[in-house]
Structures are given as C-alpha cells and as structure tokens.
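Colleague: I'm new to this one, so could you walk me through it step by step? I'll ask, and you can point things out as we go.

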Amino acid sequence: ENGNGVWFVGSVNVNITSTDQGSGVQKVIYCLDGGTWVEYVGNISIDAQGNHTLEYMANDLAGNVETIKTLSFKIDNTPPITTATLTGNKVPDRGLYNSSVSIVLSSQDDISGVGTIQYSLDEAAWATYHDNIIVTSEGNHSLMFRSIDLAGNIEQQSIVNFTVDKTAPTSGATLTGGEGTNG
C-alpha cells in the first residue's frame with residue numbers, strides 16, 4: 001500500500017461473506033465501479049487495470065438491509081518503461097565518445113507510477129538512480145537499467161553499450177634509405 005491506496009499485480013479475487021443471527025441472509029448484492037447492482041453468487045475475479053470500487057450489502061429474510069460497504073483497490077499489471085539519454089562528444093554512427101558521457105534515465109508508468117529507477121554500470125551491483133550518471137573513465141562500458149513501479153512490477157532490464165576514448169593517438173616516424181655524406 002502507498003499513499004494512493006492498495007495496489008495489486010494480476011487479477012484480484014473478491015469473496016464476500018455474510019451472516020445473520022436472526023432470520024438468516026436472503027442475498028448479497030454488489031456493484032463494481034458504479035455499474036449495475038447484481039446478486040453475489042460466488043467469487044468475483046477482476047483483472048482490468050486501474051482504480052476499482054466494489055460496493056456491497058446483504059439483505060436478510062426479514063427485509064432488513066445492511067448499510068452499503070465499500071472496498072477500493074487498484075490493479076497494475078504493466079511494468080514501467082525506462083529510457084537512457086547519453087550526451088557527450090559522440091563519433092557519428094558509433095557508440096564511441098571522445099569525452100566524458102553524461103547519462104540521464106527517465107521512466108514512465110501511466111497506471112501506478114514509477115517507484116524507483118535502478119542502474120548497474122559495468123556489472124556493478126544495482127543502485128538507485130537519483131541524478132545524472134557521469135562516466136569519465138576510458139574504455140568499454142555497459143549500462144543496465146530498469147524501473148519498478150509503485151505496484152511492484154519490475155521492468156525487464158535494458159542495456160546500452162558505449163566506449164569512451166579521450167586520448168589522442170601517438171605516432172612516430174623513422175627514416176630509412178641510403179644515407180648520404182655530411183650527415
């Protein structure tokens with residue numbers, strides 16, 4: 001549960017029970033999300049994503065009607081989607097940068113919202129993303145990233161590979177041939 005209510009992943013099953021010490025329960029009726037009131041005859045399974053409100057009440061054989069009770073819950077079966085934006089001096093058409101690389105991760109989840117964004121740079125342990133990731137070290141790098149939404153859905157990890165090479169090449173020259181006189 002978070003500040004927005006109870007989240008479920010997958011379908012939600014609702015079982016309504018009712019007792020009456022006097023004449024006995026005649027029937028239980030319910031209404032899902034403001035729809036039509038129907039008689040409860042057994043387990044209710046709800047799998048539609050989003051916010052739900054279930055109203056229900058019982059009637060006894062003497063004609064007494066229970067006050068309507070309300071049950072609210074939310075379903076989210078879809079993980080968030082995360083993207084990585086790399087900036088630096090990129091060599092066109094290659095995953096090669098001749099400068100440090102700044103990485104911004106952003107995530108979207110339209111149902112329950114994004115809980116956390118996680119990343120792993122060069123196979124390090126997963127860390128929580130808070131701000132730009134700056135890669136200054138030269139060499140080949142691999143960034144894995146994913147998000148977890150407020151319902152607990154974990155996105156399948158994505159990977160971006162890139163190389164940082166900030167060092168100019170070095171060259172040398174040698175002379176060969178027949179050496180003349182006077183050096």
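Colleague: Thanks! With which side chain does the side chain of Gln-118 make a polar contact?

Modeller: One thing to know at the start is that this is a predicted model. Gln-118 is found in strand β11, and the residues it touches include Met-144, Phe-145 and Arg-146. Its side chain makes a polar contact, at 2.7 Å, with the side chain of Arg-146.

Colleague: Is Gln-118 buried or exposed?

Modeller: Buried means under 20% relative accessible area. The relative accessible area of Gln-118 is 14%, so this residue counts as buried.

Colleague: In which sense do β11 and β14 pair, and over how many bridges?

Modeller: Strand β11 covers residues 114-121, and β14 covers 139-149. As one point along the pairing, Ser-120 stands opposite Met-144 in β14. The two strands pair in the antiparallel sense, over 7 bridges.

Colleague: And how many bridges join β14 and β15?

Modeller: β15 covers residues 158-164. Asn-140 stands opposite Thr-163 in β15. The pairing of β14 with β15 is antiparallel, and the number of bridges is 7.

Colleague: How many of the residues of β14 are buried?

Modeller: β14 has β11 as a pairing partner, and β15 as well. The strand is mostly covered: of its 11 residues, the buried ones number 8.

Colleague: Which element gives the largest share of the largest nonpolar core?

Modeller: That core has 13 residues, and those with the most contacts inside it include Val-101, Ile-103 and Leu-105. Two or more residues each come from β10, β13, β14 and β15. The largest share, 3 residues, comes from β10.

Colleague: Which residues of β14 and β11 could I look for around Leu-105, say among those it touches?

Modeller: Leu-105 is among the residues with the most contacts inside the largest nonpolar core. Leaving out residues up to four places away in sequence, its contacts include Ile-133, Gln-118, Leu-143 and Phe-145. Gln-118 is found in β11, while β14, at 139-149, takes in Leu-143 and Phe-145.

Colleague: How many residues are in the other core?

Modeller: This core lies apart from the one just described. Among its members are Tyr-30, Ile-44, Ile-46 and Ala-58, and its residues number 12.

Colleague: Last one: how far apart in space are Gly-63 and Val-25?

Modeller: Gly-63 is found in the loop between β6 and β7, and it is exposed, with a relative accessible area of 55%. Gly-63 and Val-25 are 38 residues apart in sequence. In space, C-alpha to C-alpha, they are apart by 9.6 Å.

Technical notes: Residues numbered from 1 in each chain as written. Predicted model: local features only at pLDDT ≥ 70, side-chain atom pairs only at ≥ 80, totals over all residues. Heavy atoms only, no water. Core = buried A, V, L, I, M, F, W, Y, C linked by side-chain atoms within 4.5 Å. Buried < 20%, exposed > 50% of the residue type's maximum accessible area, 1.4 Å probe, protein only. Helix = DSSP H or I, 4+ residues; strand = E, 2+ residues; numbered from the N terminus. Contact = heavy atoms within 4.5 Å. Pairing = 2+ DSSP bridges. Polar contact = N/O pair within 3.5 Å; in protein donor to acceptor, adjacent residues only side chain to side chain.
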